[in-house]
Amino acid sequence: MTLEAEIDDDPLLDATDGTLAVRARDGDVHAFEVLARRHGPLMRVFAGRLLGSDLETDDVVQEAFLTAWRRLGDLEEPAHLRAWLMRIVSNRSIDRLRVRRDHDDVDEREPAAPRSQAPDRVVEARLQVDAMWTALDKLPLEQRRCWLLRETAGYSYAEISEALGLPLSTVRGQLARARYFLMTEMEAWR
Amino acid sequence: MTPVDSAPPPGDPEGLPDAPTDGDLPDAATDGDLPGADLPGDLPGDDLPGAAAVETIDGFTLDDLADYLERGRSPRDPRIEGSADCRLALQALERLAPLSRASLEQEAEREPDRDEAWIAGLLETIRGEVVGGRDIPVGHPDPRTVLSVTEAAARGLVRRAGDALDGVILTSTTFDGDVDVPGAPVVVRVTIAARYGLDLQRLADRLRRQVVAALATHTRLAVTAVDVTVDDVWLASDVDHDLEGGAR
Amino acid sequence: MTDQETRATEGTAPEQPTDATLSRELTRLLRGVPGVVDVFDAHPVVEAAVKVVAAELDLREAPGLVDVDRSEGLLSVAAHVATDLAQPTPETLARAAAALREHVAGRAAAGPGGGPGEPGGASTEVVVSVTARLVEERRESAAPAE
């Protein structure tokens, strides 16, 4: 029985988030590595959509993982790791947004949503998921932030209000607009 | 925690490490706004057509319906449930969040493999932060020489012993007892996930032997017992030649 | 570099190694001990942060990872290591401790400064502690460049 797991046979690659989280909490750096590779991409995409650009996403994701490593002991339900990570990366992204606001970087000109280069993009455009990506991209930045924080990161209205520095009524308004826009784009209910 | 109905709850039931408030599941009812409250027809940056501001479905705004959805559609509102248009809208609303999530996940999967630098740096930092836990003394005749193995290192040994067994993945490892007192009795408690179909009794015995051997070689712990709990079982995706059968 | 180290390299006096130098020497020494696979920073946390900053300024050598402390008439040497899975860790730790103790004693014999004694050579207790923070397989490329 070999002691050194070869890359292809690494059993941890198939392990559940819960298993990996517990091991990482007990000090297993490799388990944490598997988690980072598994969830990093989504966290990066999410941060990019929140921030409105890819400039700071790498930093934000790194900070998020560092926080996660240090606070793994706080995670009561290891199986809920992904949602927990999404909240941490949201917080780190929001910190960046606050810094921008404090420095009056209010003019956030957003480049077009970076797309991965797939040759058959046009053909796939009809798929609902792609339509949603495009719709999210079309959302004004503030509406998108409210939407993502609410629906992907699970923030309450009050938390969004605090995070983005917006009055509660504005948050509700932005969410209402976002919902309406997305529903219309998805042509889901007309 | 109020269970949220239907779509997988995006909310995080955990207390959030750095959140300004507790990370409770989203509960629209506590936010203090009444359903049907003034819509933002007059907020700065309002660039949607006026129709968006006052669009109602049988008297309900999208906001109302979204809140209703989040309350788990309870208490049941007969005016909403009795309206076909409302229910259609609810269906559409329900699809939005999972679709949104799926579009992010799809993009994440399509991302080209990043360079290794980001993770190498991260792991290097983390390696330096592995909390050692208690120091397990290793004796030495000279009192001015203090040798020890950290609890974290010992846990790593136990994990390694478990991982070396086919069909076993160790989850948690703890040492019960005063590990920092030489000779104090210590019970090693491990939980494992095992592949379905394996003879768990034999597996546990093998694991015990491996754990005891590893700790005897590398520490001076007085291990009195190894307590193995199987708390998860997984199915092998391929046919498993190692199937040993036997009852659980 | 500190003034002391500058003076040392300029050779204006018989070698006056500082504790920083001693730490570096002991770190190098440890890497050569059979069964020691890696050396971690043994300095207390606050100090470690300061050392990182200092290391960035000192382009010549990586900082020593062995903690050398002199207080209350004691010279305390503390090392954190990763040990080889293939050899019993207690034996590896004992070898490492012996190597450290021998080197420190050798310094004392070599002359004033750097050894257990104050310049003048009054003998001081030397406490050596070695802690294994990790036990793993030796990998060929494991040792970082000095």
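In the predicted model, C:E72 counts as exposed, with 8 C-beta neighbours inside 10 Å. An exposed residue has 12 or fewer such neighbours, so C:E72 falls within that class. The backbone of C:E72 has a positive phi of about 55 degrees, although the residue is not a glycine. C:E72 sits in the loop between β2 (67–71) and β3 (74–84) of chain C.

A positive phi in a residue other than glycine also appears in chain B, at B:D58. Here phi is near 50 degrees. B:D58 belongs to the loop between β1 (56–57) and β2 (60–61) of chain B. The surroundings of B:D58 hold 14 other C-beta atoms within 10 Å. Partly exposed residues lie between the limits of 12 or fewer for exposed and 20 or more for buried, so B:D58 is partly exposed. Chain B also contains a cis peptide bond, from B:S74 to B:P75. Its omega is near -5 degrees. B:P75 is in the loop between α2 (62–70) and α3 (78–81) of chain B.

Chain C has four helices and four strands. Along the sequence, these elements follow the pattern α-α-β-α-β-β-α-β. The chain has 146 residues, of which 36% are buried. Contacts between residues at least 6 apart in sequence were also examined in chain C. Of these, 68% join residues at least 24 apart.

Chain C meets chain B through 18 of its own residues, in contact with 20 residues of chain B. On the chain B side, the elements that give two or more residues are β3 (135–138), β4 (145–150), α6 (151–163) and α7 (200–218). The largest share comes from β4(B), with six residues. By class, this side has seven nonpolar, ten polar and three charged residues. Strand pairing also links the two chains. Five bridges join β4(B) to β4 (residues 125–136) of chain C. The two strands run parallel. In this pairing, B:T145 stands opposite C:V128 of β4(C).

β4(B) also pairs within its own chain. Four bridges join β3(B) to β4(B), and these strands run antiparallel. Together they form a hairpin, with six residues between the strands. B:D135 is placed opposite B:T150 in β4(B). The side chains of β3(B) alternate along the strand. B:I136 and B:V138 point to one face and are buried. B:D135 and B:P137 point to the other face and are not buried.

A separate description applies to β5, β6 and β7 of chain B. They form an open sheet of three strands in the order β5-β6-β7, with mixed pairing. β5 (168–176) and β7 (222–234) stand at the edges, each with a single partner strand, so one side of each is left without a neighbour in the sheet. The twist averages 20 degrees from one strand to the next. Seven bridges join β5(B) to β6 (residues 185–195) of chain B, and the two run antiparallel. One of the paired positions involves B:T173, whose bridge partner in β6(B) is B:V190.

Helices from chains A and B lie across β5 and β6 of chain B. Helix α1 (residues 17–25) of chain A runs at about 35 degrees to β5(B). α6(B) runs at about 150 degrees to β5(B). α6(B) is also among the elements that contribute to the side of chain B touching chain C.

Chain A provides a helix pair. Two packed helices are described by the angle between their axes and the distance between the axes. The axes of α7 (residues 141–151) and α8 (residues 157–164) of chain A come within 10 Å. They cross at roughly 135 degrees. α7(A) and α8(A) are therefore oblique to each other. Their crossing is right-handed. From α7(A), the contact includes A:R145, A:C146, A:L149 and A:R150. These residues meet A:I160, A:A163 and A:L164 in α8(A). The contact residues divide into five nonpolar, no polar and two charged.

Key: Residues numbered from 1 in each chain as written. Chains lettered and ligands numbered in written order. Predicted model: local features only at pLDDT ≥ 70, side-chain atom pairs only at ≥ 80, totals over all residues. Contact = placed C-beta atoms within 7 Å. Nonpolar A, V, L, I, M, F, W, Y, C, P; charged D, E, K, R; others polar. Pairing = 2+ DSSP bridges. Axes fitted to C-alpha atoms, helices over the stretch in contact; angles between N-to-C directions. Parallel < 35°, antiparallel > 145°, perpendicular 65-115°, else oblique. Left-handed = near helix turned anticlockwise from the far one by under 90°.
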